[in-house]
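Student: I would like a close look at the charged side-chain pairs in this model. Please start with a single pair, then work outward to the rest of the chain.

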Amino acid sequence: MQLRWLLAAAGSTLVLFNAHAATTHYVDANGTNPVSPYLTWATAATNIQDAVVGVASGDLVLVTNGVYQYGGIPIGGSNRVYVLNPITIQSVNGPGVTVIKGYQVPGTTNGASAVRCVYLNNGATLSGFTLSSGATANFDYGGGVKCASTNCLVTNCVIVGNASYDGGAGAFNGTLKNCALIGNSAPPLNIGSGGGANSSVLVNCLLARNFAGYVGGGAINSTLINCTVVSNVSAAYGGSVWGSTLQNCIVYYNSSYYTNADSNPGYSFSNCCLSFSPSSGANNFTNPPLFANLSASDYHLSAASPCINAGNNSSLTDVTDLDGNPRIVGGIVDVGAYEFQSAVHYVKTPVVAATPVSPFTNWVTAATNIQDAIDAANAGDFIVVSNGTYNTGGRVAFGSLTNRVAITRAVTVQSVNGPAVTIIQGHQVPGTITGDGAVRCVYLTNSAVLSGFTLTNGATLITSGDPKHDQVGGGAYCETYSSTISNCVLVGNAAYVWGGGAVYGTLNNCIIKRNSANSGGGTYFCKLSNCALVGNTVSGSGGGAARGSLNNCTISSNSAAMYGGGFDGSTDGTLNNCIVYFNNAPTNANYFRGSFNAYGSINYCCTVPFSTNGPGNITNDPVFVNAPAGDLHLQSSSPCINAGSNALITGSADLDGHPRIVGGTVDMGAYEFQSPDSVVFYANLPMPTNNLSGITVSWQSVNGVNYFIQRCGDLSAQPPFLTIQSNIVGLPGTTSYTDTSAIGDGPYFYRVGVQ
């Protein structure tokens with residue numbers, strides 16, 4: 001503590017001031033020489049409570065990386081950190097690496113020996129920590145942080161996995177800014193209220209997956225401004241909030257056990273996106289918020305979200321959002337905790353009294369064709385397109401071929417409601433399909449993105465124009481792999497030379513069907529991930545695809561007049577975790593990889609004939625749900641389940657948007673089998689060892705886990721694998737099993753699964 005005496009003259013009177021200059025105290029969990037009052041890193045305290053005790057008002061306690069789970073004071077319940085004076089406790093590097101950890105009682109969670117993470121008295125500030133595993137005594141509040149009043153500030157914190165007996169499992173009282181309250185629980189039935197927060201003020205906060213045993217899964221008796229309240233649950237009512245005031249908030253996908261929906265949730269809402277119709281408040285709406293990736297718990301807004309520019313600027317109390325980005329982009333604040341950070345331009349099909357006004361920054365002044373919005377955009381902007389068929393206009397990007405849409409800037413063009421209702425239609429020449437007058441669907445320059453469209457009826461020129469550019473890519477021409485097409489359907493397009501569906505780009509989670517060309521009926525020289533290629537045709541080779549690399553794709557029912565009905569790898573093609581089956585060609589129906597094994601690479605794929613040009617390949621029937629009807633999902637008996645390699649995955653979701661891994665190991669093909677009971681098989685077993693007593697199989701194992709082993713003598717049999725031993729208790733490190741029933745020379749194939 002330092003004292004500074006100041007003298008000042010006020011008229012003829014001498015005034016004496018006693019002013020305190022703030023002092024910094026240091027905390028390092030790995031410190032080796034703690035010396036009070038901890039004024040340097042060399043003498044830093046090793047737990048936060050030691051540094052806090054006796055610190056003067058206005059001082060700063062600076063905490064470096066570590067997990068702080070020792071120390072504390074038993075005042076108002078047991079607390080890992082108890083802050084008496086109005087000081088600031090701040091981490092050096094943020095909540096990702098600085099954790100204050102409480103204690104939960106085994107069996108009961110809350111109880112006499114539970115330890116809360118932090119208690120703050122009036123005027124204190126806590127900034128940049130993760131508060132985890134805190135709990136309270138019975139009939140107490142605030143497992144993560146308990147504040148004396150809203151005159152305590154908690155900022156830039158992650159409050160996760162805490163519990164309380166009464167309420168406010170994450171936070172009780174306090175003003176919380178730019179915080180995430182996730183997975184906190186106030187479990188006692190008919191008592192626990194406010195799983196995330198109780199009696200707090202929350203600004204730019206995320207409240208997700210919190211639980212209350214009574215009401216207010218997300219929050220109770222609180223004020224929320226620009227918050228996102230999602231996936232919270234209560235046992236009785238108000239899965240989201242209860243008795244609270246909300247402004248500029250998203251309240252969606254919450255539920256309560258009693259009503260199986262969000263009910264009686266609060267008192268006042270304004271400019272909010274809600275899953276229910278509130279009884280009071282202005283400018284609320286019930287449209288889904290359209291998060292960037294709800295299944296992956298990414299609650300940022302997609303470019304098509306109705307929450308963009310839908311808030312009220314007069315409600316703002318902070319200049320940044322939860323990410324620390326500017327709070328207003330585009331003139332009006334967004335609804336929710338995250339501000340969409342790029343400019344957005346809007347497109348809708350022509351309607352009566354349409355009033356398009358460039359740069360088309362809202363639905364009222366939206367463009368009536370996609371090209372106009374692209375021309376008004378800058379690199380990094382988003383163009384959002386409403387439902388409709390866009391089949392007029394066009395632009396030549398180079399050469400002579402017209403494109404219905406030419407994305408000539410590094411922008412993202414995204415539909416609101418997906419490919420089923422948003423169509424970009426090219427033009428095919430009657431009688432010849434390709435030829436003079438043909439119109440390609442889309443051209444994409446470097447770093448451009450197209451998402452959520454059906455591309456259909458596109459075609460190319462035949463003899464006129466530049467053969468390399470104007471005669472390839474009937475559905476889409478991509479400048480390089482940096483041009484990305486996602487969540488699209490490319491159907492019924494044609495190219496005179498290469499790539500009936502698309503050329504040269506990266507395609508993710510797309511369906512590519514019934515396209516045609518001379519080579520690469522579906523795609524040519526593209527990178528594909530989680531795509532299905534079905535019913536494409538070529539007059540040459542590569543009915544489904546030619547060249548390029550394909551990960552977790554399903555290639556079926558394609559045909560070629562020469563070879564490679566499914567895939568023509570040429571000299572540089574790659575297949576990983578793919579199914580290439582039931583395709584047609586006079587030679588090498590499913591794939592072709594040149595004259596030498598060094599050409600191309602096929603890894604962890606289901607295809608015939610068997611490929612030795614890579615590990616993990618099988619030839620078994622993939623057992624689709626209904627291949628003749630085009631349903632290429634896997635049946636529960638498919639040998640492709642858990643047969644891929646996790647190291648070769650390029651996306652977190654399958655073609656349906658479901659999790660890419662279910663059961664521990666990725667499946668082959670575009671669709672992941674979604675049953676939680678699917679068996680985990682080891683994709684890389686060491687070579688079995690022959691000995692006098694039989695064949696010994698060894699695998700890496702976990703102590704106490706039960707395994708079973710299956711054997712196959714004929715990979716064409718149905719089912720190919722049969723269980724020969726179950727309930728094999730795993731040993732630390734490695735477990736082995738000797739198959740004494742193997743008779744003759746085999747061959748025998750083995751796989752090990754987890755029960």
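**Salt bridges and their surroundings**

Tutor: Start with Glu339 and Arg327: both residues are buried. The model is a predicted one. Glu339 and Arg327 form a salt bridge, and their closest N and O atoms are 3.0 Å apart. Where do Glu339 and Arg327 lie? Each of them sits in the loop between strand 35 (298-301) and strand 36, so the bridge ties together parts that are 12 residues apart in sequence. Strand 36 covers residues 344-347.

Now take a second pair. Glu672 forms a salt bridge with Arg660. Here the closest N and O atoms are 2.9 Å apart. Glu672 belongs to the loop between strand 68 (631-634) and strand 69 (680-681), and Arg660 to the loop between strand 68 and strand 69. The two residues are 12 positions apart, and the pair links distant parts of the chain. Glu672 and Arg660 are both buried.

The next group goes beyond a pair. Arg116, Asp140 and Lys146 are joined into one network by salt bridges that share partners. Within the network, Asp140 bridges to Lys146, with the closest N and O atoms 2.9 Å apart. Is Asp140 buried or exposed? Asp140 has a relative accessible area of 11%. Buried means under 20%, so Asp140 counts as buried. Lys146 has a relative accessible area of 16%, so it is buried as well. In total, the structure holds six salt bridges. As background, side chains of opposite charge can pair when their charged atoms come close.

How do these pairs sit against the whole? The protein has 755 residues, of which 52% count as buried. Its accessible surface is about 29200 Å². Carbon and sulfur atoms account for 54% of that surface. Three helices and 75 strands make up the element list. Take the contacts with a separation of 6 or more: 52% of them are between residues 24 or more positions apart.

Gly66 gives a local example of a contact across the sequence. Gly66 is in strand 5, residues 66-68. At 15% relative accessible area, Gly66 is buried. The C-alpha atoms of Gly66 and Val99 are separated by 6.3 Å, although the two residues are 33 apart along the chain. Which residues does Gly66 touch, leaving aside neighbours within four places in sequence? They are Ala29, Val97, Thr98 and Val99.

Next, the strands. Nine of them form an open sheet with parallel pairing. The order is 38-42-45-48-51-55-59-63-66. Strand 38 (388-390) and strand 66 (606-607) stand at the edges. Each of these two has a single partner strand, so one of its sides is left without a neighbour in the sheet. Inside that order, strand 51 (residues 511-513) runs parallel to strand 55 (residues 532-534), and three bridges join them. Ile511 stands opposite Ala532 in strand 55. In general, strands of a sheet pair through backbone hydrogen bonds, either parallel or antiparallel.

Finish with the backbone in the loops. A cis peptide bond joins Ser358 and Pro359, with omega of about 10°. Pro359 is in the loop between strand 36 (344-347) and helix 2 (370-375). Strand 36 also borders the loop of Glu339 and Arg327. Ser36 and Pro37 are likewise joined by a cis peptide bond, omega being about 10°. Pro37 is placed in the loop between strand 3 (24-27) and helix 1 (48-52).

Two asparagines also deserve a look. Asn248 is not a glycine, yet its phi is positive at about 55°. Its loop runs between strand 29 (245-247) and strand 30 (250-252). Asn457 has a positive phi too, near 65°. Asn457 is in the loop between strand 45 (454-456) and helix 3 (467-470). Strand 45 is one of the nine strands in the open sheet. Are these asparagines buried or partly exposed? Asn248 has 0% relative accessibility, so it counts as buried. Asn457, at 27% relative accessibility, counts as partly exposed.

How values were computed. Residues numbered from 1 in each chain as written. Predicted model: local features only at pLDDT ≥ 70, side-chain atom pairs only at ≥ 80, totals over all residues. Heavy atoms only, no water. Helix = DSSP H or I, 4+ residues; strand = E, 2+ residues; numbered from the N terminus. Buried < 20%, exposed > 50% of the residue type's maximum accessible area, 1.4 Å probe, protein only. Contact = heavy atoms within 4.5 Å. Areas by Shrake-Rupley, 256 points an atom, 1.4 Å probe, with all protein chains shown as cover. Pairing = 2+ DSSP bridges. Salt bridge = Lys/Arg side-chain N within 4 Å of Asp/Glu carboxyl O.
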